[in-house]
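Colleague: I would like a close look at a single part of this model, taken slowly and with its surroundings in view. Please begin with whichever strand pairings you think should be read together.

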Amino acid sequence: MALPLGIFLGGCVVAIPVVTGIAEGVEHQKKQNEEAANETRMTKFNALVLCESNDELADEVDNGILVVRHGKLWVVPRTDDPKLTPAPTLDPPLHAFAGFYIQYPDEDRFPPERGLVSTISDDPPMLNWIYCDPLTYELKYGNRSASITGIVGEWDWTEDESALTLHGWEGFVVIDEWDGADEDDSTEWGREGLRWAVYYDIDDNGLKGRRKGRDMLEITLQRRLQSEEDQLKQLENANKKMQVATRGGLSTQFTAPARELRRKNEWGRKD
């Protein structure tokens with residue numbers, strides 16, 4: 001569902017306790033004035049994924065592209081393998097995250113939180129809110145009805161404006177949704193080759209109780225301002241690499257030699 005632009009123009013009317021509320025209200029108004037003067041927060045940007053882990057699996061994620069698909073955020077790795085055979089193009093094609101910051105419209109949130117939206121389609125043009133699922137900690141996207149019960153902010157960037165933050169820090173990780181398998185035909189994203197989903201480790205405990213033994217890597221979501229031409233080229237390359245046919249079935253270049261090495265070494269997994 002598209003987000004009408006008019007939704008961003010409304011204000012919030014709330015009751016403010018006399019003493020504490022006035023101070024909070026003044027501080028919030030000051031913040032709003034600063035936000036209004038900072039037009040760069042509404043400049044659309046893509047996100048590249050950086051992974052500095054020494055884990056053998058990091059090459060499947062590092063320098064990847066953040067995309068929106070099936071209601072979630074994924075990493076499409078960048079890698080070239082001449083042995084891979086291209087398969088039919090995804091329909092609809094992958095859509096790169098292309099977002100900007102803006103206040104989340106909810107009268108019950110005070111002070112209002114800075115949200116993050118992304119385009120999810122070019123034709124027709126549609127925007128959705130990016131939010132963290134409060135139960136699974138997955139990063140998802142949806143309209144206001146879908147996102148309002150989630151963690152919708154406060155989104156921001158690092159001091160140098162180079163990377164995304166949520167709740168003031170970079171707690172983003174990726175989880176292998178295939179659980180170490182070479183292929184996954186049981187899910188719609190598995191059949192398309194998507195395997196590394198983005199989560200937010202809000203409790204800073206390695207997603208304890210939610211990881212379920214799956215491979216996990218810490219990542220940084222790097223802001224990148226791009227021209228439309230660069231974005232189109234990037235997506236064309238990503239779509240080509242997402243669809244490959246090997247061993248007579250659907251697989252991906254993301255089943256990297258590193259995973260095979262890890263399997264041979266019988267590395268253990270920790271929750």
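**Strand S8 and its two neighbours**

Modeller: I would begin with strand S7 (residues 114-122), which pairs with S8 in the antiparallel sense over 5 bridges; please keep in mind throughout that this is a predicted model. The two strands form a hairpin, with 2 residues between S7 and S8, and one of the bridges can be named, since Asp122 has Pro125 in S8 as its bridge partner.

On from there, S8 also pairs with strand S9 (residues 139-142), again in the antiparallel sense, and here the pairing runs over 4 bridges. Within this second pairing, Trp129 stands opposite Gly142 in S9. S8 and S9 likewise make a hairpin, in which 6 residues lie between the strands, and in this hairpin Tyr137 takes a positive phi near 70°.

With both pairings in place, the burial of the central element can be considered: strand S8 (residues 125-132) has 7 of its 8 residues buried, that is, under 20% relative accessible area, and it is therefore largely enclosed by the rest of the structure.

As for the setting, the chain has 271 residues, of which 49% count as buried, and its secondary structure comes to 5 helices and 17 strands. Among the contacts between residues at least 6 apart in sequence, 66% join residues at least 24 apart. The accessible surface of the chain, finally, comes to about 14100 Å², with 51% of that area belonging to carbon and sulfur atoms.

Technical notes. Residues are numbered from 1 along each chain as its sequence is written. This is a predicted model: local features need pLDDT of at least 70, side-chain atom pairs count only at pLDDT 80 or more; totals for chains, interfaces and linings use all residues. Side-chain values use heavy atoms; hydrogens and water are left out. Buried means under 20% relative accessible area, exposed over 50%, partly exposed in between (1.4 Å probe, protein chains only). Contact means heavy atoms within 4.5 Å. Accessible areas come from the Shrake-Rupley method with a 1.4 Å probe; for residues, only the protein chains shown count as cover. Two strands pair if DSSP finds at least two bridges between them.
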